[in-house]
Amino acid sequence: MHVVIAKPLHPPGQARGHAFAGHALETLSRRASALTSNLQTVGYQRPIRFVPSRTLMSKALTSFALVAILTALLMALSLAVARHGYPFGAIGAERLDDVADAGTFIPLAAVYFFSALLMMILPIRVAGIVLTHAADAIFWTVIVLFAAIIGGLAARWAFDRSNVLPALLNWRFLFVVAVVGCHLFMNELRRNILLRSLFFVVFAAATLACLFWSFTI
């Protein structure tokens with residue numbers, strides 16, 4: 001009786017060699033994928049990690065309303081104290097009025113437009129730094145200052161029914177609208193190469209105008 005022993009197709013050493021080669025190829029493939037992903041992060045087409053526009057708008061409206069209410073309450077307290085003949089009330093109202101002036105938004109807009117200009121041309125990581133540490137800060141500063149102005153005007157109107165409409169229709173408040181609008185749509189502007197090129201010029205012109213133009217007709 002003859003016993004036939006089936007021989008392996010590949011010797012044990014060769015099988016181990018194939019397994020090692022397969023593992024090495026898999027490792028190289030993973031590293032190549034990771035390298036490709038890292039290289040893509042410095043490109044211009046990938047959007048900056050912005051807070052979604054709806055979420056940002058909701059947070060901005062909430063902050064605006066809360067700051068306006070708090071300012072109105074303090075202004076009402078100051079006016080009530082002043083109405084009773086105490087000089088401290090006038091001091092408090094004056095200090096609240098000094099928090100912000102409509103003209104403050106012009107230089108703030110200049111700084112914001114300059115940071116937006118940089119975000120149009122910088123790589124994603126550097127643009128993210130400009131966004132986080134400059135544009136975001138200016139955006140929230142504009143929201144807070146505008147809310148303080150509106151809250152103070154609302155309190156004055158509630159106390160003496162004075163005509164606050166001319167103060168509300170100040171044309172300098174257009175810079176508030178410009179900063180808020182640009183910040184909400186900044187990600188869309190940067191994602192599109194045509195819009196990015198166009199708004200690079202727009203932001204450059206806006207920066208120079210806010211710095212040097214007198215805005216007198």
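Let's start with a pair of helices in this predicted model. Helix α5 (residues 124–160) packs against helix α7 (residues 174–184), with an angle of about 140 degrees between the two and their axes 10 Å apart. Angles over 145 degrees would count as roughly antiparallel, so at this angle α5 is oblique to α7. The crossing of α5 and α7 is left-handed.

If you would like to find this contact in the structure, look on the α5 side for Leu131, Ala135, Asp136, Phe139, Val142, Ile143 and Phe146, and on the α7 side for Val176, Val179, Val180 and His183. Sorted by class, the residues where α5 meets α7 are 9 nonpolar, 1 polar and 1 charged.

Staying with α7, which of its residues are buried? They are Phe175, Val176, Val179, Val180, Cys182, His183 and Leu184. The cover over these buried residues of α7 comes from several helices, including α2, α4 (105–121), α5, α8 (186–191) and α9 (193–212).

Helix α5 has another partner to visit. Its axis and that of helix α2 (residues 53–83) come within 7 Å and cross at roughly 40 degrees. Since angles under 35 degrees count as roughly parallel, α2 and α5 are therefore oblique to each other. The handedness here is right-handed for α2 and α5, whereas it is left-handed for α5 and α7. By class, 20 nonpolar, 4 polar and 3 charged residues make up the contact of α2 with α5.

Now let's zoom in on single residues, beginning with Leu145, which belongs to helix α5. Is Leu145 buried or exposed? Its relative accessible area is 14%, and the cut-off for buried is under 20%, so Leu145 counts as buried. Leaving aside residues up to four places away in sequence, Leu145 touches Val99, Ala100, Thr104, Phe105 and Leu108. Take Val99 from that group: Leu145 and Val99 are 46 residues apart in sequence, yet their C-alpha atoms are 7.3 Å apart in space.

Over in helix α2 you will find Ser78. Ser78 is buried too, with a relative accessible area of 12%. With residues up to four places away in sequence again set aside, Ser78 touches Gly89, Gly92, Ala93 and Leu96.

With those details in hand, we can step back to the whole chain. The protein has 9 helices and 0 strands, so you can read its elements from the N terminus on as α-α-α-α-α-α-α-α-α. Of its 217 residues, 31% count as buried. Among contacts between residues at least 6 apart in sequence, 79% join residues at least 24 apart. The pair Leu145 and Val99, 46 residues apart in sequence, is an example of such a separation.

Finally, a word on confidence. The mean pLDDT of the protein is 81, and 76% of its residues reach 70 or more. Two stretches call for some care. Over residues 1–10 the pLDDT is below 50, and this stretch has 0 contacts in the model beyond near neighbours in sequence. Over residues 34–47 the pLDDT is likewise below 50, but here the model shows 22 contacts beyond near neighbours in sequence. Where pLDDT is low, the predicted coordinates should not be read in detail.

Note on methods. Residues are numbered from 1 along each chain as its sequence is written. This is a predicted model: local features need pLDDT of at least 70, side-chain atom pairs count only at pLDDT 80 or more; totals for chains, interfaces and linings use all residues. Side-chain values use heavy atoms; hydrogens and water are left out. Axes are lines fitted to C-alpha atoms, for helices over the stretch in contact, and angles run from 0 to 180 degrees between N-to-C directions. Helices (H or I, at least four residues) and strands (E, at least two) are DSSP runs, numbered from the N terminus. Angles under 35 degrees count as roughly parallel, over 145 as roughly antiparallel, 65 to 115 as roughly perpendicular and the rest as oblique. A crossing is left-handed if the near helix is turned anticlockwise from the far one by less than a right angle, and right-handed if clockwise. Contact means heavy atoms within 4.5 Å. Ala, Val, Leu, Ile, Met, Phe, Trp, Tyr, Cys and Pro count as nonpolar, Asp, Glu, Lys and Arg as charged, and the others, Gly among them, as polar. pLDDT is the predictor's confidence in each residue, from 0 to 100. Buried means under 20% relative accessible area, exposed over 50%, partly exposed in between (1.4 Å probe, protein chains only).
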